[in-house]
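Okay, thanks for coming, everyone. I'll put the structure up on the screen, and then I'd like to walk you through a few pieces of it.

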Amino acid sequence: MMRLVLVLLLAASSAGAVNPNERLGDPAQEARAREVSKALRCVVCQNETIDESSAELAKDMRLLVRERIAAGDSNEQVVNYMVQRYGDFVLLKPRFTAETLALWLGPALLLGIGALMAARRLRRAGAQAGVTQAAAGLSAEESAELNKLMAKTNKDQRS
Amino acid sequence: MTAVAAKRWPFLVPLLVVAALVGIFGKRLLDVQQGADPRLLPTVLLQTPFPEMDLPPLPGRAQGKGTLGIKTSELKGTVSLVNVWGSWCVACLAEHPLLMELAKSDDVPIHGIAWRDEPTASARWLAQHGDPYARIGQDPRSHAAIALGVTGAPETFVVDAAGVIRYKHIGPITPEIWRDTLQPLIASLRP
């Protein structure tokens, strides 16, 4: 029963807000319209795609997307039409332009800086560990015995 | 000492990043607190020609009122206001007395786009509250509204004599906005 409810919920969510009478007759064109609609932001509700929004303007935008696709526009032409009127804001996935450079490259840049700092720190810590071991002057035999003891202690603590 | 400080500079990077973010977000928060509407979209159509449209006129307007729809080529020749409105729009009622006053002073022609509205409802609303419009074009399915990048009503465009969009005001026009922004702009657009 629970599973059925879940399946129904999922099916409902994937259908979005597109009414049956909005759909295009040609399934290939309809699929393209869905793809375009999912990339466009509803300008009334702002955090929904026009595909899933039930706002009236979103509905009219969906219909316009379908009209233009049926008239022979490419997906890109339809998206460009909207961007020309509403700006880049209407795209849920921002384009790669000079203005959005920081947005796209920022996370990678931060990750790189973090990795660099971590690597430096680890290298320094490793070098220091090497120094202490050498200073302690343990022979290979003594090291092995020490390791054995430590392993035993760990096991005792765990049990 | 300086050698140690120089070695440690990378650890200041996160602090600087956080400080920069606090600065950016803080500025935006203060702007919003001082009245900036975070939902407003920047207008990308400024200084571009008014989009091509040929909207049918509204039937049932009172005697003596215009019978013309809105056709882009016919907007040229004079500075005008194009007001996107609907009888369902509460905020439109707020700016309506001002539009009526402007229409009476005959300062600048005001054209109306009846957005997503039943023609009978539009006509009834105008009969009740007054009809300030020179031309009215019907836009039942948002074609014109989307072409104009409209996100809500009312929105008002200032179109110059060459048919180029020079300004867009989002929301009701208040007397202050008219006096401080629109009126000086319209005056400056006239030869």
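So, a warm-up while you get oriented: which residue does Glu155(B) stand opposite in E7(B)? It's Ile170(B). Before I go on, keep in mind that this is a predicted model, and everything I say is about that model.

Let me stay with that strand for a bit. E6 of chain B covers residues 155-159, and five of its five residues are buried, so the strand is largely enclosed by the rest of the structure. As a general point, side chains in a regular strand alternate between the two faces of the sheet. Here, both faces of E6(B) are covered. On one side you have Glu155(B), Phe157(B) and Val159(B), on the other Thr156(B) and Val158(B), and all of them are buried. Yes, there's a glutamate in that list, Glu155(B), and it's buried along with the others.

Now, who are the neighbors in the sheet? E6(B) pairs with strand E3 of chain B, residues 80-85, in the antiparallel sense, with five bridges. If you want a specific pair to click on, Asn83(B) has Thr156(B) as its bridge partner in E6(B). E6(B) also pairs with E7(B), residues 165-170, again antiparallel and over five bridges. There, Phe157(B) has Lys168(B) as its bridge partner. E6(B) and E7(B) make a hairpin with five residues between them, and if you're checking backbone torsions, Gly163(B) in that turn has a positive phi of about 80 degrees.

Next stop in chain B is helix H3, residues 90-105. Where is the kink in this helix? Look at His96(B): there's a kink of about 40 degrees there, shortly before the proline Pro97(B). His96(B) is also one of the buried residues of H3(B), together with Cys92(B), Glu95(B), Leu99(B) and Leu102(B). The cover over those buried residues includes E3, which we just met, plus strand E4 (110-115) and helix H4 (119-129) of chain B. And just after H3(B), Asp106(B) takes a positive phi of about 60 degrees.

Okay, over to chain A. This one has six helices and zero strands, so to speak an α-α-α-α-α-α run from the N terminus on. Of its 159 residues, 16% are buried. For the contact-map people: among contacts in chain A with a separation of 6 or more, 49% are between residues 24 or more positions apart.

Let me pick two of those helices. H2(A), residues 27-39, has 13 residues and reaches 19 Å from first C-alpha to last, close to the 18 Å expected at 1.5 Å a residue. Ala33(A), Val36(A) and Ser37(A) are buried in H2(A). Looking down the axis, the buried residues of H2(A) fall within an arc of 100 degrees, so they line one face of the helix. Over on the other side, Pro27(A), Ala28(A) and Ala31(A) are exposed. The buried residues of H2(A) pack against helices H3 (56-70) and H4 (75-86) of chain A.

That takes us to H4(A). It has twelve residues and reaches 17 Å, first C-alpha to last, close to an expected 16 Å. Val78(A), Met82(A), Arg85(A) and Tyr86(A) are buried here. They cover an arc of only 85 degrees around the axis, which puts them on the same side of H4(A). Glu76(A) and Asn80(A), on the other side, are exposed. Right after the helix comes Gly87(A), with a positive phi near 80 degrees.

What do the buried residues of H4(A) pack against? H2 and H3 of chain A, together with H5 of chain B. That's a handy bridge to the interface, where 16 residues of chain B are in contact with 15 residues of chain A. On the chain B side, the largest share, three residues, comes from H5(B), residues 143-147. By type, that side of chain B divides into eight nonpolar, five polar and three charged residues.

That's my tour. Questions?

Key
Residues are numbered from 1 along each chain as its sequence is written. Chains are lettered from A and ligands numbered from 1 in the order in which they are written. This is a predicted model: local features need pLDDT of at least 70, side-chain atom pairs count only at pLDDT 80 or more; totals for chains, interfaces and linings use all residues. Two residues are in contact if their C-beta atoms, placed from the backbone, lie within 7 Å. Helices (H or I, at least four residues) and strands (E, at least two) are DSSP runs, numbered from the N terminus. Ala, Val, Leu, Ile, Met, Phe, Trp, Tyr, Cys and Pro count as nonpolar, Asp, Glu, Lys and Arg as charged, and the others, Gly among them, as polar. A residue is buried if 20 or more other C-beta atoms lie within 10 Å of its own, exposed if 12 or fewer, and partly exposed in between; C-beta atoms are placed from the backbone. Two strands pair if DSSP finds at least two bridges between them. The expected span of a helix is 1.5 Å times one less than its number of residues. The arc is that of the directions from the helix axis to the C-beta atoms. The bend at a residue is the angle between axes fitted to the seven residues ending there and the seven starting there.
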